[in-house]
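Reader: I'm new to this one, so could you walk me through it piece by piece? I'll ask as I go.

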Amino acid sequence: MSTIFEEAKKLQEELVGIRRSIHQCPEVGPALPKTKAFVMDKLKEFGYEPREICESGIVAVIEGDKPGKTFLLRADMDALAIKEEAPVPFASENNCMHACGHDMHTTMLLGAAKLLKEHQKEICGKIKLVFQPDEEGFTGAKTMLKAGVLENPKVDAGMALHVNSGTPSGLVLCGLGTCMAGCTLFRIKVKGKGCHGAMPENGVDPINIAAHVFIALQEIIAREVTPTMPAVVTIGKFEGGKAPNIIPEEVVMEGTIRTLDRDLSAQIYKRIEEISTQTAALFRGEAAVTEISSAPPLHNDEEMTRTIADYIKDAYDPNRVVVFNQGGMGSEDFASYTYEIPCSYILLGAGTAQENELYGKPMHNDHVVFNEDILPIGSALLVSSALRWLKEHQ
């Protein structure tokens, strides 16, 4: 194991402290004032001059003694609107939770920032550290790209990692090609006519309409998409009505489309519009479908990802690196970067129930607990990969 990994181990206690500070005060969405201030203060403490390029979007650059390209390392900082139930002493103190490990990612990149200061002379070019808001809402990456995150200095390649609950601690997973699904978040508003529950003939029941729409949407995947094309349509929110004896005016449904193909996602979205509006009209109501936000399928540059995997095998452990071709249906807005520059997005195992009964819960679960022992591993993976890529691509 390389010197960088040994140095990172010495940061374990500091990194755990950073992670728990962030974990106890999670923030959701594009505006993360407390998290932003914390990260910027840490970067300044480590000797950086961070700048905010958009709302809660932070960039810091470190340059070596030798000229070369620019390599981007990105972490997401936002949490989820979930009340934490995990039995840990540093649990969230509000009704939000870092149930997807973004506090781990932010900590790992801060650890990388500190390690890079010790290895600054070895940098052949520049490394751009990027701390991003609103990954969960799929607006963060697009906002930062629009704000010029890939310019000044111009970025040549990028890398990010994500902790993975249920995978053995420290195991590194490197997907080739399109390895994560694109995701479109959509909203369906069904309008009816409110009336007394005893006299339904005087109104138009939007709950009935929405129920028919919900059932009909399941037929898109079952009968309109070839079984060889992975696709999922999920309705995760269904709200309408306030009293048992009143037919309401409106019902709102929200859901997601996930596919590995952008054209297929567009096709499914079109059918959701057609099914919703025509079903509503059939039952004398109205429906409107709008896109809330979206992220494209994540495309890892195959050559770069194989190269990064080889770097990690050399610096870390050849027996703890897995390269795979078939990805899952989870989504990640780092995908937007992958269509602009060559990128590698890797997964880092964060623990199984066999290791500790607290570990292994699903991501986005209110009881999920991540193994903090992987924090220095993540920091070292980022640093060692960036340094070697820049050295070999002068």
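**Strand 12 and its partners**

Reader: In which sense do strand 8 (residues 182-191) and strand 12 pair?

Author: Strand 8 and strand 12 are joined by 10 bridges; two strands count as paired if DSSP finds at least two bridges between them. Strands here are DSSP runs of E with at least two residues, helices are runs of H or I with at least four, and both are numbered from the N terminus. One bridge partner of Lys191 in strand 12 is Glu250. The sense of the pairing is antiparallel.

Reader: Before we go on, what kind of model is this?

Author: Residues are numbered from 1 along each chain as its sequence is written, and side-chain values use heavy atoms, with hydrogens and water left out. Local features need pLDDT of at least 70, side-chain atom pairs count only at pLDDT 80 or more, and totals for chains, interfaces and linings use all residues; the model is predicted.

Reader: How many of the 10 residues of strand 12 (residues 250-259) are buried?

Author: Strand 12 also pairs with strand 10 (residues 231-240), antiparallel over 9 bridges, and there Phe238 stands opposite Met253. Buried means under 20% relative accessible area, exposed over 50%, and partly exposed in between, with a 1.4 Å probe and protein chains only. Strand 12 is largely enclosed by the rest of the structure, because the number of its residues that are buried is 8.

**The mixed sheet**

Reader: In what order do the 8 strands of the open sheet come?

Author: The pairing in this sheet is mixed, and the order is 1-2-4-3-5-16-6-15. At the edges, strand 1 (51-54) and strand 15 (321-324) each pair on one side only. The twist from one strand to the next averages 25°. So you don't have to scroll back, the order is 1-2-4-3-5-16-6-15.

Reader: Which strand does strand 16 pair with in the antiparallel sense?

Author: Take the parallel partner to begin with: strand 5 (residues 157-164) is joined to strand 16 by 7 bridges, with Asn164 opposite Gly349. The antiparallel pairing has 3 bridges, and in it Cys174 has Ile346 as its bridge partner. That antiparallel partner is strand 6 (residues 172-175).

Reader: How many residues of strand 16 (residues 343-349) are buried?

Author: Have a look at both faces, since in a regular strand the side chains alternate between the two faces of the sheet. Cys343, Tyr345, Leu347 and Gly349 on one side are buried, and so are Ser344, Ile346 and Leu348 on the other. Out of 7 residues, the number buried is 7.

Reader: What is the relative accessible area of Leu348?

Author: Leu348 is found in strand 16. Its contacts (heavy atoms within 4.5 Å), leaving aside neighbours within four places in sequence, include Met108, His162, Val172, Ile374 and Leu381. Leu348 counts as buried, because its relative accessible area is 0%.

Reader: At about what angle does helix 8 (residues 302-315) run to strand 16?

Author: Axes are lines fitted to C-alpha atoms, for helices over the stretch in contact, and angles run from 0 to 180 degrees between N-to-C directions. Helix 8 lies across strand 3, strand 5, strand 6, strand 15 and strand 16. Its angle to strand 16 is about 45°.

**Two helices and a few odd spots**

Reader: At roughly what angle do helix 6 (residues 206-224) and helix 7 (residues 262-282) cross?

Author: The axes of helix 6 and helix 7 come within 9 Å. Among the residues that meet are Ile209, Val213 and Leu217 in helix 6, and Ile268, Ile272 and Ile275 in helix 7. The crossing angle is roughly 145°.

Reader: How many disulfides does the structure hold?

Author: A disulfide here is a pair of cysteine sulfur atoms within 2.5 Å. The total is 0. Cys100, for one, is in no disulfide, and the nearest cysteine sulfur, that of Cys183, is 12 Å away. So the count of disulfides, by that cut-off, is 0.

Reader: Is Asn152 buried or exposed?

Author: Asn152 lies in the loop between helix 5 and strand 5, and its phi is near 50°, a positive value in a residue other than glycine. The peptide bond from Asn152 to Pro153 is cis, with omega near 0°. With a relative accessible area of 64%, Asn152 is exposed.
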